[in-house]
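Here is a short report on one protein chain. Keep the structure in view as you read, and find each residue as it is named.

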Amino acid sequence: MQAIYADYCVSISEFKKNPAQTLRSAENKPVAVLSHNRTAFYMVTPELFEAMVDALADLELAELAKKRMTQIDQAIEVDIDSI
């Protein structure tokens with residue numbers, strides 16, 4: 001069985017009738033759009049999408065920082081006041 005990662009679901013037929021109303025009905029929460037009872041896609045507000053992209057970027061930076069911390073012996077000391 002496929003997991004659905006949204007509190008609000010709608011059939012693709014219902015979605016096609018009025019996509020904007022679908023998002024309003026979900027109170028700006030993610031919407032799973034279903035085709036034949038399987039998730040076809042998710043619809044999110046621009047604000048939520050931007051937050052998701054920012055969170056992914058933060059995760060990538062955290063991984064880079066962790067990787068660099070394992071290479072601390074290769075670090076070059078810099079005096080920030082001399083720049």
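Of the 83 residues of the chain, 16% count as buried. Keep in mind that this is a predicted model.

**Overall form**

The chain has 3 helices and 3 strands. Read from the N terminus, the order is β-α-α-β-β-α. What radius of gyration does the chain have, and what would a compact globule of 83 residues have? The chain has 21 Å, while the globule would be near 12 Å. The C-alpha trace spans about 60 × 30 × 15 Å along its principal axes.

The surface can be put in numbers too. About 7100 Å² of the chain is exposed. Carbon and sulfur atoms supply 56% of that area. The chain carries 8 positive and 13 negative side chains. The centres of these two sets are 16 Å apart.

Contacts tell us how the chain meets itself. Take those between residues at least 6 apart in sequence: 34% of them join residues at least 24 apart.

**An aromatic pair**

How many aromatic pairs does the structure hold? It holds 1. Phe15 and Phe41 form this pair, and its geometry is edge-to-face. The ring centres are 5.3 Å apart, and the planes meet at 75°. A pair of aromatic rings is described by just these two things, the distance of the centres and the angle of the planes.

The pair links distant parts of the chain. Phe15 belongs to helix α1 (residues 12-17), and Phe41 to strand β3 (residues 38-43). In sequence they are 26 residues apart.

Are the two partners buried or exposed? Phe15 counts as buried because its relative accessibility is 14%, and buried means under 20%. Phe41, at 31%, counts as partly exposed.

**Residues in the strands**

Start with Val31, in strand β2 (residues 31-35). Val31 is buried, with a relative accessible area of 0%. Setting aside residues up to four places away in sequence, Val31 touches Ala6, Tyr8, Val10, Thr22, Leu23, Ala26, Phe41, Tyr42 and Met43. Phe41, from the aromatic pair, is thus among the contacts of Val31. Val31 and Phe41 are 10 residues apart along the chain, and their C-alpha atoms are separated by 8.5 Å.

Leu34 also lies in strand β2. Its relative accessible area is 16%, so Leu34 is buried. Which residues does Leu34 touch, not counting those up to four places away in sequence? They are Ile4, Cys9, Val10, Ser11, Ile12, Thr39 and Ala40. Lys17 is 17 residues from Leu34 in sequence, and the two C-alpha atoms are 14 Å apart.

Now move to Thr39, in strand β3. Thr39 counts as buried, at 16% relative accessibility. Leave aside its neighbours within four places in sequence, and Thr39 is in contact with Gln2, Ala3, Ile4, Val33 and Leu34.

**Residues in the loops**

Is Thr45, in the loop between β3 and α3 (46-69), buried or exposed? Thr45 counts as buried, at 7% relative accessibility. Beyond its neighbours within four places in sequence, Thr45 is in contact with Leu23 and Asn28.

Two other loop residues stand out by their backbone angle. Most residues other than glycine have a negative phi. Glu27 has a positive phi of about 55°, although it is not a glycine. Glu27 is found in the loop between α2 (19-25) and β2. Asn37 is not a glycine either, and its phi is positive at about 60°. Asn37 sits in the loop between β2 and β3.

Glu27 counts as exposed because its relative accessibility is 61%, and exposed means over 50%. Asn37 is exposed as well, with a relative accessible area of 72%.

**Accessibility side by side**

The table gathers the values for residues named above.

| Residue | Relative accessibility | Class |
|---|---|---|
| Val31 | 0% | buried |
| Thr45 | 7% | buried |
| Phe15 | 14% | buried |
| Thr39 | 16% | buried |
| Leu34 | 16% | buried |
| Phe41 | 31% | partly exposed |
| Glu27 | 61% | exposed |
| Asn37 | 72% | exposed |

How values were computed. Residues are numbered from 1 along each chain as its sequence is written. This is a predicted model: local features need pLDDT of at least 70, side-chain atom pairs count only at pLDDT 80 or more; totals for chains, interfaces and linings use all residues. Side-chain values use heavy atoms; hydrogens and water are left out. Helices (H or I, at least four residues) and strands (E, at least two) are DSSP runs, numbered from the N terminus. The radius of gyration is taken over C-alpha atoms; the globule rule is 2.2 Å times the number of residues to the power 0.38. Buried means under 20% relative accessible area, exposed over 50%, partly exposed in between (1.4 Å probe, protein chains only). Contact means heavy atoms within 4.5 Å. Accessible areas come from the Shrake-Rupley method with a 1.4 Å probe; for residues, only the protein chains shown count as cover. Lys and Arg count as positive and Asp and Glu as negative; His and the chain ends are not counted. The place of a charge is taken as NZ of Lys, CZ of Arg, CG of Asp or CD of Glu. Rings of Phe, Tyr and Trp (its six-membered ring) pair if their centres lie within 6.5 Å; planes under 30 degrees apart count as stacked, over 60 as edge-to-face and the rest as tilted.
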